[in-house]
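Here is a short tour for anyone planning to look at this protein closely. Have the sequence at hand and follow along in the viewer.

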Amino acid sequence: MRVGPPGTRSFLLAGGMDANPGASKMPVSDGLDEARLIVENGLARRIAEIVAPPLRDLGFRVVRVKLSTAATPVLQVMLEKSDGTMSVEDCELASTEISPHLDLADPIGSPYRLEVSSPGIDRPLARESDFRRAIGHEARIELSRPLDGRKRFRGVIEAVEIVEGAPVVDLRPSGEGEQQEPVARLAVADMAEARLVLTDALIRTALRQEKTEIRSQKSEIRKQKAEARKQRSEVRNRKPQAEASQ
């Protein structure tokens, strides 16, 4: 049975977040093969395992897979390149690539709508590099098991350290009572979900990144134009010399 046929796909795109200027400079792997530390359970995890290899071949990596429980389920596959970017064309390419793999494996077993998207500004945090880039920004974190009777935390990520070979996040509480509450030390391995909170500071960081990317693109275009002018000049200079030799 074919599921998720053409016409039931959609593509969502939102801005990303570059490294925070105050973030740690410790080197971390942020390539396509960096493992996700927060993963799905059940069917969503199975789907992630199906789509990850073909997406890797295209230069994309999975951020999150989520399957709704609506009458016609929506399968959301959130992706990015290793540099955090993702265009509409990338989403379309990824959707076209993974559809046959999903049709063949048929993990859902009923019609659904496939939605391929970028992470967005208030993105989920799943890899060590995600947490390091998020230093200085506010995040919501839910643990898979309570810590001191709590499972939900919200605060500013102050640091990411490696403790006994695994990353641990220092979260400074935000909002009311932040002076009384101590910094929470949360092991990423104990997290069920983590994502950035959409704040003014986060938006400003995303806008700075966008401006930097635009300047970089314009600089590259200028270089290409200069190189093209140089090549045309060389061709014109060679032509009179060739005619003189004749």
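In this predicted model, L198, I203 and L207 together make a nonpolar surface patch of about 250 Å². I203 sits in helix α4, which covers residues 200-245. How much of I203 is accessible? Its relative accessible area is 33%, so I203 counts as partly exposed.

Now for the interior. The largest nonpolar core has 21 residues, and V51, L55, V65, L75, L79, L102 and L114 are those with the most contacts inside it. Two or more residues of this core come from each of the elements α1, β2, β3, α2 and β4. Helix α1 gives the largest share, 6 residues. For V65, one of the residues with the most contacts inside the core, the neighbours beyond four places in sequence are E40, A44, I47, A48, L75, Q76 and V77. Another core lies apart from this one; it has 20 residues, including L143, V188, A194 and L202.

How far can you trust the picture? The chain has a mean pLDDT of 85, with 82% of its residues at 70 or more. Two stretches with pLDDT below 50 are listed here, with their contacts beyond near neighbours in sequence:

| Stretch | pLDDT | Contacts in the model |
|---|---|---|
| residues 1-8 | below 50 | 18 contacts |
| residues 18-30 | below 50 | 24 contacts |

Where pLDDT is low, predicted coordinates should not be read in detail. Please keep that in mind when you look at the contacts of residues 1-8 and residues 18-30.

Definitions and conventions. Residues numbered from 1 in each chain as written. Predicted model: local features only at pLDDT ≥ 70, side-chain atom pairs only at ≥ 80, totals over all residues. Heavy atoms only, no water. pLDDT = per-residue confidence, 0-100. Contact = heavy atoms within 4.5 Å. Patch = residues over 30% accessible without salt bridge, like charges linked within 9 Å, V, L, I, M, F, W, Y side chains within 5 Å. Areas by Shrake-Rupley, 256 points an atom, 1.4 Å probe, with all protein chains shown as cover. Salt bridge = Lys/Arg side-chain N within 4 Å of Asp/Glu carboxyl O. Helix = DSSP H or I, 4+ residues; strand = E, 2+ residues; numbered from the N terminus. Buried < 20%, exposed > 50% of the residue type's maximum accessible area, 1.4 Å probe, protein only. Core = buried A, V, L, I, M, F, W, Y, C linked by side-chain atoms within 4.5 Å.
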